[in-house]
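Dear colleague,

I am passing on the structure we spoke of, together with some notes on what was found in it. Please look at the sequence and the coordinates first, and then read on.

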Amino acid sequence: MLAALPSLRAFAMSLVRNSHNADDLVQDTILKAWGKQDSFEVGTNIKAWLFTILRNDFYSKMRKNGREVEDKDGAMTASLSVHPEQYGAMDLLDFRKALDGLPEDQREAIILVGASGFSYEEAAEICSCAIGTIKSRVSRARNNLHETLKIEGEGEFGPDKNSIATTSRAFMH
Amino acid sequence: MNSKKPAGGSNIPYSDDMDPNNAISQQLRAIYQEIESEAIPDRFLDLLEKLDAAEASQKRGADK
């Protein structure tokens, strides 16, 4: 379980818009997982099992409490430090904002497949939906990110010329 | 530039959603890995330790 924690935390941060709440969610997940460890099938993917518990817990809390407790910016944007000297730091920040702006189902899908390292099949299982649904969410998420980042990169209201150049460069590879 | 195609004459096929080399995939992983690389907060280490201890004492109880 310890080995899966860093990735589980990162996933929680992508769901919850406040890093403290994200860690609360992780803590509840650990306790829930412990309580029902008998239902875990040895030899199956413990990481996917934990992600499923965390996700279900998150959505049941959301149904109970609504969304008003959330911060405006996602935890990913708020909790991360920016290192200006780091190459591409500005476009990473833009990227985080674009990611936070995605509809929830799309953000979740692109993170599970693109960052958490799950296959489409595993992601579909975690979200209890069809593989085709996950594929289409990932694809729409990517289209949206492309669109948002392109607009930000080419618009007049970008933070400064350097970041515009950086954003454009990121798409030239 | 057209949003349906990768900008800058890239030859990455757009239909390949998770091509590891494209900018979106790289940035997504960079953000995620930054969080993953943070130290695990003590509250979780303490919690896991307590749970381990609880399980161990349960087992001892069961063996008697």
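How many of the 11 residues of helix H6 (residues 104-114) of chain A are buried? Before the answer, please keep in mind that this is a predicted model, and that what follows was computed from it. The count is 10 of the 11, so helix H6 of chain A is largely enclosed by the rest of the structure. Among the buried residues are Glu104(A), Gln106(A), Arg107(A) and Glu108(A), as well as Ile110(A), Ile111(A), Leu112(A) and Val113(A).

To set this helix in its context, chain A has 9 helices and 0 strands, and the pattern read along its sequence is α-α-α-α-α-α-α-α-α. Of its 173 residues, 48% count as buried. Chain B, with 64 residues, has 34% that count as buried, and there are 2 helices and 0 strands in it. The accessible surface of chain B comes to about 4100 Å², and carbon and sulfur atoms account for 49% of that area.

Salt bridges come next, and the search of the whole structure finds 9 of them over all chains. In one of these, the side chains of Asp23(A) and Arg9(A) meet at 2.8 Å, N to O. This pair links distant parts of the chain, with Asp23(A) in helix H2 of chain A and Arg9(A) in helix H1 (residues 5-15) of chain A, 14 residues apart. Both partners, Asp23(A) and Arg9(A), are buried, the relative accessibility of Arg9(A) being 6%. Arg9(A) also forms a salt bridge with Glu38(B), where the closest N and O atoms are 3.2 Å apart. That pair crosses between chains, since it runs from Arg9(A) in helix H1 of chain A to Glu38(B) in the loop between H1 and H2 of chain B. Glu38(B) itself is partly exposed, with a relative accessible area of 29%.

Another salt bridge joins Lys32(A) and Asp57(A), with the closest N and O atoms 3.0 Å apart. Lys32(A) lies in helix H2 of chain A and Asp57(A) in helix H3 of chain A, so the pair ties together parts that are 25 residues apart in sequence. The two partners sit in unlike surroundings: Lys32(A) is partly exposed, with a relative accessible area of 40%, whereas Asp57(A) counts as buried at 5% relative accessibility. Salt bridges that share partners join Asp28(A), Lys32(A), Asp57(A) and Lys61(A) into one network.

As you may wish to know about the cysteines, the count of disulfides over all chains is 0. Cys127(A) is in no disulfide, and the nearest cysteine sulfur, that of Cys129(A), is 5.1 Å away. Why is there no bond between Cys129(A) and Cys127(A)? The sulfur of Cys129(A) is too far from that of Cys127(A) for a bond, because a disulfide requires the two sulfur atoms to be within 2.5 Å. Cys127(A) counts as buried at 6% relative accessibility, while Cys129(A) is partly exposed, with a relative accessible area of 21%. Ser128(A) has a phi near 40°, a positive value in a residue other than glycine. Ser128(A) lies in the loop between helix H7 (120-126) and helix H8 (131-154) of chain A, and it is exposed, with a relative accessible area of 61%.

On the surface of chain B, Asp42(B), Asp46(B), Glu49(B) and Asp52(B) form a negative patch. Asp42(B) is found in helix H2 (residues 42-63) of chain B and is exposed, with a relative accessible area of 55%.

Finally, here are two C-alpha separations that may help you to find your way around the model. Ser25(B), in helix H1 (residues 23-36) of chain B, counts as buried at 0% relative accessibility; Ser25(B) and Ala56(B) are 31 residues apart in sequence and 43 Å apart in space. In chain A, Ser39(A) is placed in the loop between helix H2 (19-35) and helix H3 (46-65) and counts as partly exposed, at 45% relative accessibility. Its C-alpha atom is separated by 46 Å from that of Lys150(A), which is 111 residues apart from Ser39(A) along the chain.

With kind regards

Methods
Residues are numbered from 1 along each chain as its sequence is written. Chains are lettered from A and ligands numbered from 1 in the order in which they are written. This is a predicted model: local features need pLDDT of at least 70, side-chain atom pairs count only at pLDDT 80 or more; totals for chains, interfaces and linings use all residues. Side-chain values use heavy atoms; hydrogens and water are left out. Patches are made of residues with over 30% relative accessible area and no salt bridge: like charges are joined within 9 Å, nonpolar side chains (Val, Leu, Ile, Met, Phe, Trp, Tyr) within 5 Å. Accessible areas come from the Shrake-Rupley method with a 1.4 Å probe; for residues, only the protein chains shown count as cover. A salt bridge is a side-chain nitrogen of Lys or Arg within 4 Å of a carboxyl oxygen of Asp or Glu. Lys and Arg count as positive and Asp and Glu as negative; His and the chain ends are not counted. The place of a charge is taken as NZ of Lys, CZ of Arg, CG of Asp or CD of Glu. Helices (H or I, at least four residues) and strands (E, at least two) are DSSP runs, numbered from the N terminus. Buried means under 20% relative accessible area, exposed over 50%, partly exposed in between (1.4 Å probe, protein chains only).
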